[in-house]
Amino acid sequence: MTMTGIAQLIIGATDLAAAFLFMYGLKRMSSPVTAPSGIFVAGVGMLVAVLASFFYVFDVGAAAQPHLVVNVGLCVLALILGGGIAWWAGRKVAMTAMPQMVAIYNGMGGGAAGAIAAVELFGAKAPGMTQLVVTLLGALIGSISLSGSLIAWAKLQGVIKKPLRIRGQQYFNILVLLGTLAVAGYLVFVAQGASGQLLPMPQLIYLFFGCALIYGILMTLPIGGADMPVVISIYNAATGLAVGLEGFVLGNPALMIAGMVVGAAGTLLTLLMAQAMNRSVANVLFTNFGGAPKHKPSHIKGSLKPTAAADAGIFMRYAKSVIIIPGYGLAAAQAQQKLYEFVKLLLAAHVSVKFAIHPVAGRMPGQMDVLLAEAGVPYDLIFQLDDINEEFKTTDVALVIGANDVVNPAARTDKGSPIYGMPILNADQAKQVYVVKRGQGKGYADIVNALFYADNCNMVYGDAAAVMTMMIEAVRGLGAKAAA
Amino acid sequence: MDFSIQITGFVALYIFMLAAFAGWVIIGHVPAILHTPLMSGSNFVHGIVVVGGMFALLNAGTVQEQAIGFFAVLLGAGNAAGGYAVTGRMLAMFQTSGQKTHHAKRGHTKASHPKKG
């Protein structure tokens, strides 16, 4: 057997093993008990696939032969640089910054798929029209995912503070997309040599990638922060799809399978997120939510009743049951550790404490679950919307921390409200509601929250971490007095 | 024996269809509490694109191809290594109240995890 044959055998076998390990790993990740081993299994698959890829050196074309040593050196350098920096950043970053980290890693994957397509296009390597169309499609999706994810990162990181919306933006975006597709169409149907090969047209290829990248930026700019769970999920699916398509072009089934599995999984997750907001995916992407004329709520009675953090803390200490509803404000204030400290005091005083998580609380799907887990909250105290919503009626205190729209009863009652129909946590049905909030501002959807004006609701103003500290001190103070 | 892989036409569509179906079924059973690690985990899985980048770079015959190939491997490796790091950290935190609580700290690592890069 030739060296080429041996190399092909090794690469084929390890890629097959990697594809299996990815799917088996993802399967194990579907339960909290087996999940840590799931990512380890998938990691082993990735490691062997990367190592085996060095056997490609025995199977390179004649044009690459003289550059082989340099290419291997570049390859090792890129792996160490890219992998090392990303590994270091991923280990160091705060848990609250997780959504933007996932966004940036996702953009890198999309960029890699786009770059592979660029090598194919510039080298005119696609052997036929099918290959060329698939290459271009993967390049388009990968590029949009790269620039779109970077914008999502900038928004989540706070580099870009406000959604950028200009008049006629939708039409302009459509024009840019049509322009990109027109260039792609020209490459497919016109720029062919006699043998069906792509003519060398670097300017057009640059134009194609430029337009695709700009479209990704324009598409993401107008989308607001609270819609980021859906956006990150979409780009995750998009990168998977782009990787799968480039896998077809390279004739690598491992890329095809891994890419498509992620594409399908990401699509499912996107639909779940959109469903949780009672909006379609298209509505999230193409409507300027919150940009509509201000909605005047007709029937808000009562007034905002501020109360001291210490009083609220002591009230909860003597309650029988408390349900806590965390939102993005908890993450922004990094207050998850303090919150769990307070919860442990309540649990020690035999108060029943549960956490209620809305599917779109935070900036990526399930972000609140991860933050609470980081603080050490056992996951059997954490409940999802459908499992806990009936319990509010029989609960003494609902403690809302940094959440707003997900507890707005207008979603149930006010047909004119922009969030009407969205499933919400029925915090208003608890006997007493405390809302921890930075100030009197409105939520992301810019709607007045009737809950805050309800008779059974008191506001605790302040930074979530500072408020939790005051509550802890108040409850500890009680214990100290009793002991004295 | 010939071990080269050729995928054409309908074979590709069959692979895509089955893989998409597998992804849909695997994710369909994941509880909402694991949505973030799962998204991050699937984000890691499409880091396999680094293998395609290595193929492109090792087959590069011009400086332009070397540059773009380098870029592809750099980004792909970042996707894979970063995705693994954050997913592993997140999953290490999940515990029930029955388990002895050793609080997951920031930067908590398992020494046995291999470093990719």
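Contact here means heavy atoms within 4.5 Å, and helices (H or I, at least four residues) and strands (E, at least two) are DSSP runs, numbered from the N terminus. Axes are lines fitted to C-alpha atoms, for helices over the stretch in contact, with angles running from 0 to 180 degrees between N-to-C directions. With these terms in hand, helix H14(A) is seen to lie across S1, S2 and S3 of chain A, running at about 145 degrees to S2(A). The model is predicted: local features need pLDDT of at least 70 and side-chain atom pairs count only at pLDDT 80 or more, while totals for chains, interfaces and linings use all residues. Residues are numbered from 1 along each chain as its sequence is written, chains are lettered from A and ligands numbered from 1 in the order in which they are written, and side-chain values use heavy atoms, with hydrogens and water left out.

The sheet beneath H14(A) deserves a look of its own. It is an open sheet of 6 strands in chain A, ordered S3-S2-S1-S4-S5-S6 with parallel pairing; two strands pair if DSSP finds at least two bridges between them. Strands S3 (382-384) and S6 (457-461) of chain A stand at the edges with a single partner strand each, so one side of each has no neighbour in the sheet. From one strand to the next, the twist averages 25 degrees. Strands S1 (residues 321-326) and S2 (residues 352-357) of chain A pair in the parallel sense over 4 bridges. Within this pairing, A:Ile323 stands opposite A:Lys354, and A:Val322 has A:Val353 as its bridge partner. S2(A) and S3(A) also run parallel, joined by 3 bridges, and here A:Phe355 stands opposite A:Ile382. Another helix, H11 (residues 309-317) of chain A, packs on the sheet by touching S1, S4 (397-401), S5 (432-437) and S6 of chain A, and its direction makes about 140 degrees with that of S5(A).

H14 (residues 367-375) also meets helix H13 (residues 336-348), both of chain A: their axes come within 8 Å and cross at roughly 65 degrees. That makes H13(A) roughly perpendicular to H14(A), where angles under 35 degrees count as roughly parallel, over 145 as roughly antiparallel, 65 to 115 as roughly perpendicular and the rest as oblique. The contact is made by A:Gln336, A:Gln337, A:Leu339 and A:Tyr340 of H13(A) and by A:Leu371, A:Leu372, A:Glu374 and A:Ala375 of H14(A).

A second helix pair is found in H4 (residues 98-122) and H5 (residues 129-157) of chain A, whose axes come within 7 Å and cross at roughly 155 degrees. H4(A) is therefore roughly antiparallel to H5(A).

Aromatic rings were considered next. Rings of Phe, Tyr and Trp (its six-membered ring) pair if their centres lie within 6.5 Å; planes under 30 degrees apart count as stacked, over 60 as edge-to-face and the rest as tilted. By this rule there are 8 aromatic pairs over all chains. In one of them, the rings of A:Phe20 and A:Tyr24 have centres 5.8 Å apart and planes at 5 degrees, so the pair is stacked. These two residues, A:Phe20 and A:Tyr24, are 4 residues apart in helix H1 (residues 3-28) of chain A and thus separated by about one helical turn.

Finally, A:Ile257 lies in helix H9 (residues 253-276) of chain A. Not counting residues up to four places away in sequence, A:Ile257 touches A:Ala19, A:Met23, B:Ile15 and B:Ala19.
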